[in-house]
Amino acid sequence: MRMYDIIKKKRDGGVLTSAEIEAFIEGYVGGEIPDYQASALMMAIYFRSMTDEETALLTDAMARSGETVDLSRFGNLSVDKHSTGGVGDKTTLIVAPILASLGARVAKMTGRGLGHTGGTADKLESIKGFRTSLSVEEFISQTEKIGIAVTAQSGNLTPADKMLYSLRDVTATVDSIPLITSSIMSKKLAAGSKNIVLDVKTGSGAFMKTEEDAKILAENMVRIGKKCGRNVSALITNMDRPLGFAVGNALEVAEAAKVLRGEQKGDLYEVCVALATEMAALSLRLSPEDAKQAVIKAIADGSAYKKMKDWISAQGGDTACIDDASLLPQASFKKTVYAPCEGFIEKMDAEAIGTAVVMLGGGRLKKEDTIDYAAGIILNKKTGDYIKSGEQLCVLYTNNEASLVSAEAKYLEAVSFSQREPVFRPEIIEIVR
Ligand code: URA
């Protein structure tokens, strides 16, 4: 089979067969197909798209291109979640212990942050001693013992996606629905869970800026995931402002603990309850109403908080800092930002606020950058709040004093004010099942 013919067929609008898709993935990962031919195929797919059948075949072939995790011993209890990335998104730290406390099995592979969005592995590494690099045996046995294990994504998982994503990134072919779907869902398939809940974020801080695009992606990923034999649902959630009040690794760990102690409600709590409800409904085979009650109870009776500490302890982390946030990494410098005028906060550009956190040292611009775990922002006020001139808007934290000025300017650029009360979208925009 010649790669030339596969490219030509897709260029002319044809439908690729299973054998052609397999040959492409095998040949590309094996080094026989050069980048320029793979790029040409990506561009042909970008313009001609793919049928569901082709996307499912591509997803499956990518999932099998490297190591895969076998969670079949957990039957229907294994459950995973994936977020398309946001600002202040610490939901994994909250929903994973909730699900484990209810008897589900959360064996999760997670990534690091890049650009304005954070990564769960970085947040966890802000806890002293926490190991994010578990062997496969540790990963499975910890899941068996306490119902939860979270590890940084193994280097051998879905090499086809790593290679193709780098290529798409430099050839203007990232924003193709079948290519995004196969990229995300291949990683989820390889990670092994029977049940998958997707959090597709939309808004100023999200990859999918519009509700329409988020819906198309969510529906596509749910259909393809099901075609590949998994139970999948997706929530489309609001990322017009950061989620919760904390943005930055250690600050987010402290906020997650607060939610699990039942001390904080609001947008973060609401999104976590909705995600956990969907995960419980699929993995524990509960009705949505029973699942929601179980989730709320797991927070209210402290069982999810206890599970969070069992989990952190199992991975070598210091649980004292979960009870007492002052034991998490602390910043040497802080700066309070005051409101420049009176009125309602009309809009918050979540991406710009994420960028302000990167400026403070809390994120990466390049994969090799190191992170200041203590850096970040605590938002005192959010969209819809009325503020008086001179009131506290937020506090910036960093170990690099020189970054405070530019981060403050970035933050103020991100926030706009109005004399009229703004109308904003609900946190849960839609559920796709
Ligand atoms: N995130 C991914 O993992 N893959 C894409 O293609 C886009 C976003």
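Helix α8 contributes the most to the lining of the largest pocket, with six residues. The model is predicted, and the pocket it shows holds about 1,700 Å³ of space. Its lining is made up of 50 residues, and those nearest the pocket centre are H82, G111, R112, L114 and K187. Besides α8, the elements that supply two or more residues to this lining are β1 (79-83), α5 (91-101), β2 (106-110), α6 and α9. By class, the lining of the largest pocket has 23 polar, 16 charged and eleven nonpolar residues.

The ligand sits in the largest pocket. Two elements give two or more residues to the shell around the ligand, namely α8 (159-169) and α9 (177-190). Of these, α9 provides the largest share of the shell, four residues. The residues surrounding the ligand are Y165, R168, I180, S183, I184, K187 and F207. K187 thus belongs to the ligand shell and is also among the residues nearest the centre of the largest pocket. The shell around the ligand divides into four nonpolar, one polar and two charged residues.

Polar side-chain atoms of three shell residues were found close to ligand atoms. For R168, a polar side-chain atom lies 2.9 Å from an oxygen atom of the ligand. For K187, the distance from a polar side-chain atom to an oxygen atom of the ligand is 2.6 Å. S183 places a polar side-chain atom 2.6 Å from a nitrogen atom of the ligand. On its own the ligand has 240 Å² of accessible area, of which the protein covers 84%.

Enclosed space was examined next. Rolling a probe the size of a water molecule over the atoms shows where empty space is left. The search of the whole structure gave three cavities of 30 Å³ or more. The largest cavity contains about 150 Å³ of space. It is lined by 22 residues, and H116, T117, G118, V357 and G362 are the closest to its centre. Two or more lining residues come from each of α6 (120-125), α11 (249-260) and α16 (350-360). Among the elements, α16 gives the most to this lining, with three residues. Helix α6 appears in the lining of the largest cavity and also in that of the largest pocket. The lining of the largest cavity comprises 13 polar, five nonpolar and four charged residues.

The second largest cavity has about 40 Å³ of space. I6, L16, E20, I21, F24, L41, M42, I45, M50 and L58 line this cavity. Helices α2 (18-29) and α3 (35-48) are the elements that give two or more residues to its lining. By class, the lining of the second largest cavity has nine nonpolar residues, no polar residues and one charged residue. The charged residue is E20, because Glu counts as charged. The largest cavity, in contrast, has 13 polar residues in its lining, whereas the second largest has none of that class.

Definitions and conventions. Residues are numbered from 1 along each chain as its sequence is written. This is a predicted model: local features need pLDDT of at least 70, side-chain atom pairs count only at pLDDT 80 or more; totals for chains, interfaces and linings use all residues. Side-chain values use heavy atoms; hydrogens and water are left out. On a 1 Å grid over the protein atoms alone, a cavity is a set of points where a 1.4 Å probe fits but cannot get out, and a pocket is an open set with protein on both sides within 12 Å along at least five of seven lines; lining residues have an atom within 4 Å of a point. Grid points are joined across faces, edges and corners, and a volume is the space filled by probe spheres set on the points. A residue is near a molecule or strand if one of its heavy atoms lies within 4 Å of it. A polar contact is a pair of N or O atoms within 3.5 Å; within protein, one must be able to donate a hydrogen and the other to accept it, and residues adjacent in sequence count only if both atoms are side-chain atoms. Accessible areas come from the Shrake-Rupley method with a 1.4 Å probe; for residues, only the protein chains shown count as cover. A molecule sits in a cavity or pocket if more than half of its atoms lie within 2 Å of its grid points.
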